[in-house]
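This report describes the fold of one protein chain, from a pair of strands to two loop residues and one helix. The sequence and structure come first.

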Amino acid sequence: MNNLSGRGRVAGLPAWDRCAVMGVVNVTPDSFSDGGRWFDTTAAVKHGLDLVAEGADLVDVGGESTRPGATRVDEAEELRRVVPVVRGLASEGVAVSVDTMRACVAERALAAGAALVNDVSGGLADPAMIPVVADTGAPFVVMHWRGFLQGGNARGVYEDVVTEVVDELRARVEAVLAGGVAPDRVVVDPGLGFSKEAGHDLALLAHLDRLRALGHPLLVAASRKRFLGRVLAGPEGAPPPARERDAATAAVSALAAQAGAWAVRVHEVRATADAVRVARAVEGARTAGPAPDAGDGRGAPPGTAHARGAGAEHGAEGDR
């Protein structure tokens, strides 16, 4: 893995010195989180630009819901939903990811300006996907999902979820590499919530180091998912609605950033953008070593060189 701040770099995409933030634009009427809100092309493009203004580094555009029990849309409809939004965002200079399991949609979206293919099936749903990605040289997200297209919890039984997910992802990555995708363009995703219960998701988050040991940048997509609802509800309560899980999502984003994730995928960007920047600042303080002794145990007073240096670093990173 080509390391950058220990989290890796994906060839063909910008380099960030912190965990990147991938904002979500669902061009669907039935997403579990925000279905129908951005179904119109103009609204979807505006939403993507709003996410960038709030701190998103990439925008992930998808035209097919993968919630449990969702019915697949046909290829023509997915193309109609996705390609104009990708083109509109790319024309504004946005780094766009296309969330699709279809090779044709991936190919058309890449031609319209997308920079990354995010396939929740890891290339299993469409045999043409890997050849298309290899031929175009696009970066490719390989996600773990048992029993894709059979419902979100199909085959969600594990004896050791971390070991099994790591082993199954490794096998899938090897197949993708054998299909011609370059190693420095592969991203791995543990597939939180896909064929997994809350305990499985939490165990994977607790052992992101094992996933990073696969040697490829790591994408963590926990936003608003059911396991967060279970955590927030406690043993007796009812899980809060998906849109009330954004603070919990930001907490996971900070933990994932601290653990070395390359990117986090979220619906509500602003809180996560702040969270990953704080995680990066803490990381920087850790690698810089002890702060200079100001004599009173409270750090440098305002106006000292040390205080001005901290402010300069903030300014160089940019205010949102």
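In this predicted model, M143 stands opposite D189 in β6. Strand β5, residues 140-143, and β6 pair in the parallel sense over four bridges; two strands count as paired if DSSP finds at least two bridges between them. Helices (H or I, at least four residues) and strands (E, at least two) are DSSP runs numbered from the N terminus.

The model is predicted, with local features needing pLDDT of at least 70 and side-chain atom pairs counting only at pLDDT 80 or more, while totals for chains, interfaces and linings use all residues. Residues are numbered from 1 along each chain as its sequence is written, and side-chain values use heavy atoms, without hydrogens and water.

Strand β6, residues 186-189, is covered on both faces: V186 and V188 are buried on one side, V187 and D189 on the other. Buried means under 20% relative accessible area, exposed over 50%, and partly exposed in between, with a 1.4 Å probe and protein chains only.

For the protein chain as a whole, the secondary structure comes to eleven helices and eight strands. Of its 320 residues, 50% are buried. The chain exposes about 13900 Å², and carbon and sulfur atoms supply 53% of this area; accessible areas come from the Shrake-Rupley method with a 1.4 Å probe, and for residues only the protein chains shown count as cover. Among contacts (heavy atoms within 4.5 Å) between residues at least 6 apart in sequence, 67% join residues at least 24 apart.

Two residues other than glycine have positive phi values, as listed here.

| Residue | Phi | Loop | Relative accessibility |
|---|---|---|---|
| S195 | about 60° | between β6 and α6 (198-206) | 0%, buried |
| R224 | near 60° | between β7 (219-220) and α8 (226-233) | 7%, buried |

The loop that holds S195 leads from β6 to α6. In α6, the buried residues are H200, D201, L204 and L205. They cover an arc of only 135° around the axis, and therefore lie on the same side of α6; the arc is that of the directions from the helix axis to the C-beta atoms. An α-helix has 3.6 residues a turn, so residues three or four places apart point the same way.

What do the buried residues of α6 pack against? Their partners are α5 (161-178), α7 (208-212), β7, α8 and α9 (246-258). Two of these partners, β7 and α8, also flank the loop in which R224 is placed.
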